[in-house]
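Trainee: Could you take me through the pocket of this chain with the greatest volume, and set it within the chain that holds it?

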Amino acid sequence: MGVRLSYQASESGRKRYARLAARLRVPTGFVVAALFAALARPSPASLLAGLPLAFAGLALRAWAAGHLEKNQTLAATGPFAYTRNPLYLGTLTVAAGFALAARNLWLAVLFALYFGLAYLPAISEEESHLRQIFPGYEEYATQVPRLVPRLASAKPPGAFRWALYLRNREYQALLGYLAGAAWLLWRL
């Protein structure tokens, strides 16, 4: 019984932390962005290597946003047929690209810590929510990996929908990419 209570207490603590991380993800992101702006020391070579990688992450996010009807249907087409969390994988790829472009190892460490502390708990919380609202989520989760994509999809690709891209306001990520790239070019 003591082990069960201990497990329930730790599970409750993890859920509280995940909810807190999800709420603080955006505000703390502004702090991370300010540190990025202050610590970036780009070179022509780092920009040529990092900005295309960041753009690839942005493209993955855009592709996912065009397949996502939040809380209405279970997204399982497009990039969701390869990974359950293509938006988060895209964010991680954007961050890696910007860290490379900024040519600062401390930024790479900061981005990795930020992703681990803010995004991974948010992924768990989101998946718990999806399990509650979509009866087919458990089967989907057994077929599609959480973050690292599989190479082949058993599902048809599905159609990208611009209306979903716009409704999900993914253009904000594009604006963020453009602002970050412009800042790096200015710092060059």
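Mentor: The following account goes from the chain to its largest pocket. This is a predicted model in which local features need pLDDT of at least 70 and side-chain atom pairs pLDDT 80 or more, while totals for chains, interfaces and linings use all residues. Residues are numbered from 1 along each chain as its sequence is written, and side-chain values use heavy atoms, without hydrogens and water.

The chain has seven helices and zero strands, where a helix is a DSSP run of H or I of at least four residues, a strand a run of E of at least two, and numbering starts at the N terminus. Of its 188 residues, 38% are buried, that is, under 20% relative accessible area with a 1.4 Å probe, protein chains only.

The largest pocket has a volume of about 1,900 Å³. Its lining comprises 50 residues, and those closest to the centre are Arg25, Val26, Arg61, Thr91 and Tyr119. Two or more lining residues come from each of α1 (2–39), α2 (44–65), α3 (86–102), α4 (105–133), α5 (137–143), α6 (162–167) and α7 (171–187). The most comes from α4, with eight residues. A pocket here is an open set of points on a 1 Å grid over the protein atoms alone, where a 1.4 Å probe fits, with protein on both sides within 12 Å along at least five of seven lines; lining residues have an atom within 4 Å of a point. Points are joined across faces, edges and corners, and the volume is the space filled by probe spheres set on them.

How values were computed: Buried means under 20% relative accessible area, exposed over 50%, partly exposed in between (1.4 Å probe, protein chains only).
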